[in-house]
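Student: I'd like to practise reading a model feature by feature. Could you take me through one, giving the general idea and then the case at hand?

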Amino acid sequence: MEFKPFDIDQIDHKNHSLWRYKSFIPLENTEPVTLGEGFTNMMPIILNNKTVWIKQEHLFPSGSYKDRGATVLITDAYRLGVKHVVQDSSGNAGCAIAAYAAKAGISCDIYVPANTSPAKLVQLQMYGAKLKLINGTREDVAHAAKEAAQHSYYASHCYNELFWQGTKTFAYEIAEQLGWQCPDVVVLPAGNGTLLIGAYLGFKHLKESGITSKLPKLVAIQSENCAPLYQTWKSGSEQLIKVSTQPTLAEGIAISEPYRWREMLHAVNETNGLFITVTEAEISSQLRWCANNGYYIEPTSAATIAGLIKCTTLIDEAIWVSLFSGHGLKSTEKLAALLG
Ligand SMILES: *Cc1c(COP(=O)(O)O)cnc(C)c1O
């Protein structure tokens, strides 16, 4: 793709969705398939005596920031005249693709692990997606979807580069909401890296266009029970370290072999960031803290907040940004189990 500098004058200021940045999303000129997503509010919240700007990414139409990628990917599929897509997901990416496919009148098959949260399975079916429940690991699910994709359009959030063209708007929004300042640190979840890589691309675009003068440190959070990138980063290995995994409350980031692991490591290393792991006890304690303060998020989202709190004890910076990645209503049964 040709380099097109970011230009504040080309923002569509009347549009209060992420499509205000349409000029910088490399699609053929076409009408977006949109549900009014993005440009999420950024709330100052005091955590560990630091004020952190928290993007409300759980307030997307399908309940997670995956809508950023899905709106762009499905817009292009619709333009191409695609009638059917397949996708695999641990839940939220599937819900996002199913939502935009429904809006576009495209049918979809979503491959999910058989143990996916019931609330997400209901949401997928309500959108009209056909569920393909796979017994086995997350990798088995991906394998089944790839087979099916040989005869269909693969709307994958891991392979399809258009997904990052959507998630990079996260960085544009943060910079704009801070008055075109670059934050010092951005703390993000790291499963397949859809947000980590998108944020990196967006902040890099702003810097290369002369809008901001630096890149923020990107800090990536993994669950201690499934932390292949943390292990690889810590050991300095040239290959992705194979880890043994345990179940975790943070199901959305439990990815043992992320396809884009090199890009994820690069994003953290080039920005002088770090990887941090969090325990199950830390995740559930932050989940309760958030809900007790009125923020109803899913357990995976609490892992990021737990990592953020650890991070504030490790590095000293001024402007902090993080996010609530998914809505609590996605995981009612897990939250009920926590209540006992
Ligand atoms: C997808 C997701 C994440 C992060 O995962 P990536 O695969 O790294 O993008 C975090 N939280 C929620 C709620 C998610 O849906």
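Student: Let me start with a single side chain. Does Tyr230 count as buried or exposed?

Tutor: Before anything else, keep in mind that this is a predicted model. Buried means under 20% relative accessible area. Tyr230 has 18% relative accessibility, so it counts as buried.

Student: And on which side of the cut-offs does Trp233 fall?

Tutor: Partly exposed is the class between 20% and 50%. Trp233 comes out at 27% relative accessibility, so that is its class: partly exposed.

Student: Where do Tyr230 and Trp233 lie?

Tutor: Both are in helix α8, which covers residues 228-235. They are three residues apart, or about one turn of the helix.

Student: How should I describe a pair of aromatic rings?

Tutor: The general idea is to give the distance of the centres and the angle of the planes. For Tyr230 and Trp233 the centres are 6.4 Å apart and the planes make 40°, a tilted pair. The count of aromatic pairs comes to eleven.

Student: Which residues form an aromatic cluster?

Tutor: Phe6, Tyr21, Phe24, Tyr172 and Trp180 form one. Phe24 turns up again around Gln10, being one of the residues in contact with Gln10. Leaving aside neighbours within four places in sequence, the others are Lys4, Arg20 and Ser23.

Student: What else can be said about Gln10?

Tutor: Gln10 sits in the segment before β1. With 32% relative accessibility, Gln10 counts as partly exposed. For a sense of distance, take Glu257: it is 247 residues from Gln10 along the chain, and their C-alpha atoms are separated by 39 Å.

Student: On to the sheet. What is the general idea there?

Tutor: Strands of a sheet pair through backbone hydrogen bonds, either parallel or antiparallel. In this model, six strands make an open sheet in the order β1-β2-β10-β7-β8-β9, and the pairing is mixed. The edge strands, each pairing on one side only, are β1 (42-47) and β9 (274-278). From one strand to the next, the twist averages 30°.

Student: Which way does β1 pair with β2?

Tutor: Antiparallel, over six bridges, with β2 covering residues 50-55. If you want one bridge to look for, Ile45 has Val52 in β2 as its partner.

Student: And how do β2 and β10 run?

Tutor: Parallel, joined by four bridges, with β10 at residues 320-323. Here Ile54 has Ser322 in β10 as its bridge partner.

Student: What about the β9 end of the sheet?

Tutor: β8 (residues 217-223) and β9 run parallel, and five bridges join them. Ile221 has Ile276 in β9 as its bridge partner. Helix α9, residues 261-270, packs on the sheet and touches β8 and β9. The direction of α9 makes about 110° with that of β9.

Student: Should a positive phi catch my eye?

Tutor: Most residues other than glycine have a negative phi. Now look at the hairpin of β1 and β2, which has two residues between the strands: Asn48 in the turn has a positive phi of about 50°. Asn49, in the loop between β1 and β2, has a phi near 65°, also positive. At 76% relative accessibility, Asn49 counts as exposed.

Student: Where is Asn272, and what is its phi?

Tutor: Asn272 is in the loop between α9 and β9. Its phi is positive, about 65°, although Asn272 is not a glycine. This residue counts as exposed too, at 57% relative accessibility.

Student: Is Ser62 buried or exposed?

Tutor: Buried, because its relative accessible area is 2%. Ser62 lies in the loop between β2 and α1. Beyond its neighbours within four places in sequence, its contacts include Asp67, Cys95, Gln123, Tyr127 and Lys330.

Student: Finally, how do I read the chain as a whole?

Tutor: Start with the inventory: twelve helices and ten strands. The radius of gyration is 19 Å, close to the 20 Å that the globule rule gives for 340 residues, so the chain is as compact as a globular protein of that length. Buried residues make up 59% of the 340. Among contacts between residues at least 6 apart in sequence, 71% join residues at least 24 apart. The accessible surface comes to about 13800 Å², and 51% of it belongs to carbon and sulfur atoms.

Definitions and conventions. Residues numbered from 1 in each chain as written. Predicted model: local features only at pLDDT ≥ 70, side-chain atom pairs only at ≥ 80, totals over all residues. Heavy atoms only, no water. Pairing = 2+ DSSP bridges. Axes fitted to C-alpha atoms, helices over the stretch in contact; angles between N-to-C directions. Contact = heavy atoms within 4.5 Å. Rg over C-alpha atoms; globule rule 2.2 N^0.38 Å. Buried < 20%, exposed > 50% of the residue type's maximum accessible area, 1.4 Å probe, protein only. Areas by Shrake-Rupley, 256 points an atom, 1.4 Å probe, with all protein chains shown as cover. Phe/Tyr/Trp six-rings, centres within 6.5 Å; stacked < 30°, edge-to-face > 60°.
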